[in-house]
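Trainee: I would like a close look at one part of this protein. Please take the aromatic pairs, and then go on to the rest of the chain.

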Amino acid sequence: VTSYVLKMECEKTLFISNLPYNTTTNEELQEIFSHYGPLKACFIVTEKGTAKSRGFAYVSYTTRDNAIKAKSMVKVVNGRPVHIMFAKKRVFKNSKHKDHLNAKEEEDDDYEHRTELKTVGHTPKVSKSSYDIGRTIVIIGLADDVTEKRIRVRFRKIGNIDSVEYPVPGREKDVAYVTFMKHKDARVAVKQLNNKIFQGANINVVLLSREGKVTTKSSLKKSRLIVRNISFKCTEDDLNEAFSLHGKVIDIHIPRKSNGQMLGYAFVQYTSYFEAVKAMNIINGLELKGRKVAVDWVLPKNIYQEKKEEDEKEEVEEVEEDKEVEEVEVDKEVVEE
């Protein structure tokens with residue numbers, strides 16, 4: 001009986017890991033998780049003696065049903081996918097201090113949660129929270145008058161839906177989550193409906209598992225474009241209007257001389273390599289403000305310098321060849337005379 005009671009009590013408390021460091025507060029967590037029922041406790045575990053987050057937290061509900069609902073519905077906190085599971089019974093070892101576990105217990109709990117799937121003689125079981133992230137899409141930019149029913153009707157045409165959440169606690173009011181029964185349906189939804197019109201609004205659709213990915217410097221270098229031959233009437237807003245149709249643009253820069261005059265080219269930075277490829281293939285050769293633009297990859301300085309030297313060498317060789325042809329023609333004329 002004691003074991004059963006402990007199990008039931010544990011299933012009222014959630015262990016949330018992979019939280020954004022130093023950007024999430026106890027108040028924000030309470031706002032997100034209180035949407036699913038009354039809370040008994042909600043706290044982020046911090047480094048001993050400091051306020052620095054260790055990246056995980058505990059949320060305790062008054063009822064088991066509320067905890068189960070929150071576990072299945074909450075997938076992102078402050079734009080980052082989180083992993084949620086029921087807490088171990090160690091959390092209830094000392095009821096007087098369950099809001100403030102000592103550092104040793106925190107380390108032990110964290111280790112147990114990270115290794116709980118590694119059971120000898122058993123096939124590792126994928127946690128439901130991780131599975132949900134892989135088959136859940138995020139819809140951004142929804143119209144003000146859209147309803148959960150309309151979202152469900154539209155997206156179930158792609159595949160069987162597990163759940164629809166709109167609005168999403170802790171997110172902007174124009175955001176919804178749709179969880180499909182199958183991973184492939186989530187990917188099809190992104191491919192078919194991203195950057196499309198839905199209920200009068202242009203929506204962006206991404207996989208939840210991709211939304212929280214950290215963009216690295218290396219990936220940004222591979223998704224940077226140079227736009228040549230731009231009109232002197234062209235502005236950053238004009239370029240953003242054209243290039244953002246094909247993906248998420250995070251920076252546009254038009255170099256200028258010290259007197260403010262444009263140099264005739266610009267740089268466009270995407271977050272995704274594939275979106276940059278798409279934009280380059282579509283916009284290259286199109287007219288922007290009356291001039292056909294040339295879109296290409298931005299080369300690293302060393303490669304650009306090598307290419308520039310090769311081009312200059314080719315130009316010199318072409319000039320020398322032209323001179324040789326001219327000399328031959330002059331000699332021929334002299335002979336004929």
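Mentor: What follows starts with the ring pairs and then moves along to a helix and some loops.

This is a predicted model. Keep that in mind throughout.

Start with the count. Searching the whole structure turns up five aromatic pairs. Take F43 and Y58 as one of them: the ring centres are 5.7 Å apart and the planes meet at 35 degrees, so this pair is tilted. The angle decides the label, because planes under 30 degrees apart would count as stacked and those over 60 as edge-to-face. Now place the two residues. F43 belongs to strand β2 (residues 39-46) and Y58 to strand β3 (residues 53-61), so the pair ties together parts 15 residues apart in sequence. Both F43 and Y58 are buried.

Turn next to F155 and F198. Their ring centres lie 6.2 Å apart, with the planes at 75 degrees, so here the geometry is edge-to-face. This pair links distant parts of the chain. F155 sits in helix α6 (residues 148-155), F198 sits in strand β10 (residues 196-198), and 43 residues separate them. How buried is each ring's residue? F155 has 0% relative accessibility and counts as buried. F198 is buried too, with a relative accessible area of 8%. The cut-off behind both calls is under 20%.

Go back to F43, since its neighbourhood goes beyond one partner. Ring pairs join F15, F43, F56 and Y58 into a cluster. F43 itself is buried, at a relative accessible area of 10%. T25 is another residue to look at beside F43. The two are 18 residues apart in sequence, yet their C-alpha atoms are 8.5 Å apart in space.

One more ring has a charged partner. K71 lies over the face of F86, 5.5 Å from the ring centre.

Now step back to the whole chain. It has twelve helices and 17 strands. There are 337 residues, and 37% of them count as buried. Take the contacts with a separation of 6 or more: residues 24 or more positions apart account for 66% of these. The exposed surface of the chain is about 20,900 Å². Carbon and sulfur atoms supply 51% of that surface.

Helix α11 (residues 273-283) shows how burial is arranged on a single element. Its buried residues include A276, A279, M280 and I283. They cover an arc of only 100 degrees around the axis, which puts them on the same side of α11. The general rule helps here. An α-helix has 3.6 residues a turn, so residues three or four places apart point the same way. What does the buried side pack against? The buried residues of α11 pack against β12 (224-228), α10 (236-243), β14 (265-270) and β17 (294-297). Look then at the face turned away from the buried side: it carries the exposed residues F274 and N281. Just after α11 comes G285, with a positive phi of about 95 degrees.

Two loop residues also have a positive phi, although neither is a glycine. Q199 has a phi of about 55 degrees and lies in the loop between β10 and β11 (201-207). Q199 is partly exposed, with a relative accessible area of 38%. N229 has a phi of about 65 degrees. Its place is in the loop between β12 and α10. At 34% relative accessibility, N229 is partly exposed as well.

Two further loops deserve a look. The loop between α3 (64-73) and β4 (76-77) holds K75. Is this lysine, K75, buried or exposed? At 4% relative accessibility, K75 counts as buried. A polar atom of the K75 side chain lies 2.8 Å from the backbone oxygen of S72.

The other loop runs between β8 (161-165) and β9 (175-180), and P167 is found there. The peptide bond joining Y166 and P167 is cis, with omega about -5 degrees.

To return to your starting point, view the two ring pairs side by side. F43 with Y58 is tilted, whereas F155 with F198 is edge-to-face.

Key: Residues numbered from 1 in each chain as written. Predicted model: local features only at pLDDT ≥ 70, side-chain atom pairs only at ≥ 80, totals over all residues. Heavy atoms only, no water. Phe/Tyr/Trp six-rings, centres within 6.5 Å; stacked < 30°, edge-to-face > 60°. Helix = DSSP H or I, 4+ residues; strand = E, 2+ residues; numbered from the N terminus. Buried < 20%, exposed > 50% of the residue type's maximum accessible area, 1.4 Å probe, protein only. Lys NZ or Arg CZ within 6 Å of the ring centre and 35° of its normal. Contact = heavy atoms within 4.5 Å. Areas by Shrake-Rupley, 256 points an atom, 1.4 Å probe, with all protein chains shown as cover. Arc of directions from axis to C-beta. Polar contact = N/O pair within 3.5 Å; in protein donor to acceptor, adjacent residues only side chain to side chain.
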